[in-house]
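Subject: Structure for your review

Dear colleague,

Please find below the structure that I am handing over to you. I would be grateful if you would look through it before reading the notes that follow.

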Amino acid sequence: MVFSCRQCGSCCMYLGDYIVIRRQTGPFTFECESVSTGTSFKAEVDEDKREIFTDFSFPERNPTACPFLRPDGDLLRCTIHRDSPGQCKYFRCVLMHVSDGQGLLLGTVRGTLDLHSDDRGLRTVWEEIVRKRPKDDGEAEPWIASFLIENGYHVD
Ligand code: SF4
Ligand code: SF4
């Protein structure tokens, strides 16, 4: 299960209060703060994203978005991919897509290891998972995948 970010940008659309530019130090360099962790970081806009970064109409229209988010065709891109803070780099919105034997998507397991599903059968299995899963999240992730597969689900 390798997480692949689709660069939809939805996880960055409401992070304007959390990724804050404290000072601009050059045309494309900034001193910033990750407010949720209280850590400072320096960021330079990636060279290949400077053209899209300098269009400020998107942050003007979307003041709740992270100040480094910009549209690029159909995508919303992080323009400081190289220098973005650790919690951004390692964020995974969806860990598993859970389908039935015919490939019908029944639900998703989010990065916080909770289930999003309206399927009654899957939700019942999930209650058992919650009771039995290892406490440690790192151990729980492969354990949950194995448990779902043992119960007839397809996981990717
Ligand atoms: S981590 Fe998920 S929500 Fe965020 S941009 Fe990637 S696919 Fe979209
Ligand atoms: S720094 Fe990049 S990945 Fe992090 S919230 Fe901003 S746009 Fe998203």
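How do the residues of the shell around ligand 1 divide into nonpolar, polar and charged? There are 6 nonpolar, 3 polar and 1 charged residues in that shell. Please bear in mind that this is a predicted model.

The residues around ligand 1 include a run of neighbours in the sequence, namely Cys-5, Arg-6, Gln-7, Cys-8, Gly-9, Ser-10 and Cys-11. Phe-3, Phe-91 and Cys-93 also belong to the surroundings of ligand 1. Arg-6 is the charged member of this shell, because Arg counts as charged. Ligand 1 itself sits in the largest pocket.

Ligand 2 likewise sits in the largest pocket. The residues around ligand 2 are Cys-12, Leu-15, Ile-19, Cys-66, Cys-78, Ile-80 and Cys-88. By class, 7 residues of that shell are nonpolar, and no polar or charged residues occur in it.

I would also draw your attention to a pair of helices. Helix α4 spans residues 120–132 and helix α5 spans residues 137–150. Their axes come within 11 Å and cross at roughly 140°, which means that α4 is oblique to α5. The crossing in which α4 passes α5 is right-handed.

Yours sincerely,
A colleague

Methods. Residues numbered from 1 in each chain as written. Chains lettered and ligands numbered in written order. Predicted model: local features only at pLDDT ≥ 70, side-chain atom pairs only at ≥ 80, totals over all residues. Heavy atoms only, no water. Near = heavy atom within 4 Å. 1 Å grid on protein atoms, 1.4 Å probe; cavity = no way out; pocket = protein on both sides within 12 Å on 5 of 7 lines; lining within 4 Å. Sits in = over half its atoms within 2 Å of the grid points. Axes fitted to C-alpha atoms, helices over the stretch in contact; angles between N-to-C directions. Helix = DSSP H or I, 4+ residues; strand = E, 2+ residues; numbered from the N terminus. Parallel < 35°, antiparallel > 145°, perpendicular 65-115°, else oblique. Left-handed = near helix turned anticlockwise from the far one by under 90°.
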